[in-house]
Amino acid sequence: MDIKQTLTKDISSAFSALFSTGLEAKDMAIQPTRREFNGSHTLVCFPLARLSKKGPEQTAEALGSYLKENSSLVKAYNVVKGFLNLELTNETWLKVFRSIISTDDYGQLPTSGKEMMVEYSSPNTNKPLHLGHLRNNFLGWSVAEILQATGHKVHKVQIINDRGIHICKSMVAWLRYGEGETPASSGKKGDKLVGDYYVMFDQHYREEIAELEAGGMKKEVAEKEAPILKEAQALLLKWEQKDPEIYKLWEQMNQWVYAGFEATYEQMGVDFDKLYYESDTYLLGKDEVLKGVEEGVFYKKEDGSVWVDLTDEGLDQKLLLRADGTSVYMTQDIGTAILRFRDFPGISRQIYTVGNEQEYHFKVLFIILEKLGYSWAKECYHLSYGMVDLPSGKMKSREGIVVDADDLMQEMMDTAEEHTKELGKIEGLSDDQATHLYYNLGLGALKYFLLKVDPKKRMLFDPNESIQFQGHTGPFIQYTHARISAILRKSSQLGIEPSLDSTEGLELHPTERDIINTMNDFESKIKEAAESYSPDVIGQYVYDLAKEYNRFYQEVSIFNEENELALRFRVALSAVTARIIKKAMGLLGINVPDRM
RNA sequence: GGUUCCGUAGCUCAACUGGAUAGAGCAACUGCCUUCUAAGCAGUAGGUUGAAGGUUCGAGUCCUUCCGGAAUCACCA
């Protein structure tokens, strides 16, 4: 049953009975009662005064007294200024709890019939994944899970930016300086190896610019004329012409990167239903752009480059094809979007999980798609999230100021191991179990840290202040689950059934009511998280639930309880709490252990 | 310079979309393990929500101006 809905109905009829005028749900502000007052639900009566033609306090008083007499939910009320605080009956809470416990897979909403696509990750293949990618992957993956929980069919995809000038830079450096190095020959992870050459390219590029400048060339010219850059551009051209040798090298280096990425994804615990490769989609994009030229949507300059004029939309002119005919980022994104809607004609939403530095890009992309006549363009949504900053500012992969994803995950696991051993909690665990636990705790701490913040906001990561395992963290919530698991183990040993066959005369403890109240919010929180694409809503929610459970755990004894009914109820309450924690954390991609 | 976003406790983040005395965690301090896991619980202290105006019963939230910061405006991705 839905408390709020029933309450709304009761208030509405109370209002018309008392003031002989209707009150609609949208005019009612029901909010949680603040901790310092009695009650669980609060009706804000200031806006009602206008309709009741009484003062807010009198209105609240009249409503409260009427509800107490006539609503089956309301046990007591109190009025503080214009706020009507309502206390609900035990039976109401038990009813709510009974309905939750008997709902299979509570937190999974009925199917909506809608189909959506979520893109995330989408790295370039010229450098390894870093902390920013972790936020991206965890966010996109979690949003996909949350959408699934609200009943949508979801496709998780990514576009692998496997072609373009960036990968050519790594290739040039490898050709020049690599001496045939391979992951096998050097023992380096493939993505790391290719990334090293990207950095190397940049170093030599800078050196060449400096040399040219020393020779009297202007900086801007030097930046364009540096031989190593010219080489990279030539390579890109050759690649687009499918030069066999270049193509082979390109495939080779990408394979190294993919192998490296795969290991990283595995560790991150993210997956994809379908991969798109830029090398497969850019030609389609190119065709579309050329078609657009014929239709007069785009225009060609004298040098052969293709542009779109968006000055009518208050934007600029934007390049779609270079003078030498090679594609830019926008070109392939046009192709990719079209291909996706061809592959999945049923999708009603295409979500791009990409950093907010690309807001302009997506604005332009969506306008272009609309100009090209695709009606689904309006279903495209840029899930724009804030950057992860270091104390020194923005991460710069070219300058090596990055937090590497693999390293960070490893550090988290090491820290988890340290903490666990310090606390003496590895007794009775096999090596395998222990390793597994460190993984779950380390990744749990990391994921929770990155997901608990509103995605739209920029966030700070200080590598020197390692991620906590206490307080508002993943491990705190995991710990709560492990605690409950211990209780459930014991209760099953004792043969206690968590049943609710009879709850006659069962008086709930305030902490128990709080827990049920919070449990009752779960599904609306999932909806809220889905509508705003914000896993942090779930993160905050599950933290609150764990916090409330721990309060209960501290104040109320389970196995010393003499009343059989109360004992069984508490075991049941614990079991359901654990279930919700597991489900909610699962939506964030975090595993919860049974012991820790 | 144009556009967009942000500014909340020493630090990292919340605040139910305009509602009560702005909440958590970390750091600091005080209690609580002979009792279901102390990675926990309870408490103390910490704030003129960047500043000034305005809108109204009521503003961290909406409007205006100012200050400070970020992103973007590429034949980069």
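Student: What makes residues of α18 and α19 count as meeting?
Tutor: Contact means heavy atoms within 4.5 Å. In this predicted model, Thr511, Phe522 and Ala529 are among the α18 residues that meet α19. Val537, Tyr549 and Glu555 are among their partners in α19.

Student: How do you know where a helix such as α18 or α19 begins?
Tutor: Helices (H or I, at least four residues) and strands (E, at least two) are DSSP runs, numbered from the N terminus. Residues are numbered from 1 along each chain as written, chains are lettered from A and ligands numbered from 1 in the order written. Local features need pLDDT of at least 70, side-chain atom pairs count only at pLDDT 80 or more, totals for chains, interfaces and linings use all residues, and side-chain values use heavy atoms, without hydrogens and water.

Student: At what angle do the axes of α18 and α19 cross?
Tutor: At roughly 170 degrees, coming within 10 Å. Axes are lines fitted to C-alpha atoms, for helices over the stretch in contact, and angles run from 0 to 180 degrees between N-to-C directions.

Student: Why is α18 called roughly antiparallel to α19?
Tutor: Check the cut-offs: under 35 degrees is roughly parallel, over 145 roughly antiparallel, 65 to 115 roughly perpendicular, and the rest oblique. The crossing is roughly 170 degrees. Therefore α18 is roughly antiparallel to α19.

Student: How do the residues of that contact of α18 with α19 divide by class?
Tutor: Into 11 nonpolar, two polar and eight charged. Ala, Val, Leu, Ile, Met, Phe, Trp, Tyr, Cys and Pro count as nonpolar, Asp, Glu, Lys and Arg as charged, and the others, Gly among them, as polar.

Student: What makes α5 and α18 oblique to each other?
Tutor: Their axes come within 9 Å and cross at roughly 130 degrees. That value falls in none of the three named ranges, so the pair is oblique.

Student: Which residues meet there, between α5 and α18?
Tutor: Ile146, Leu147 and Ala149 in α5 meet Ile526, Ala529 and Ala530 in α18. This contact has six nonpolar residues, no polar and no charged.

Student: Why is the crossing of α5 and α18 called left-handed?
Tutor: A crossing is left-handed if the near helix is turned anticlockwise from the far one by less than a right angle, and right-handed if clockwise. The crossing of α5 and α18 is left-handed, and that of α19 and α20 is left-handed too.

Student: How do you know which residues surround RNA strand B?
Tutor: A residue is near a strand if one of its heavy atoms lies within 4 Å of it. By that rule 65 residues surround RNA strand B, and Asp303 and Tyr553 are among the closest. Sugar and phosphate make up 62% of the strand B atoms that come within 4 Å of the protein.

Student: What makes Lys425 a polar contact of RNA strand B?
Tutor: A polar contact is a pair of N or O atoms within 3.5 Å; within protein, one must be able to donate a hydrogen and the other to accept it, and residues adjacent in sequence count only if both atoms are side-chain atoms. A polar side-chain atom of Lys425 is 2.5 Å from a phosphate oxygen of the strand. For a side-chain N or O atom of Arg483, the distance to a phosphate oxygen is 2.4 Å.
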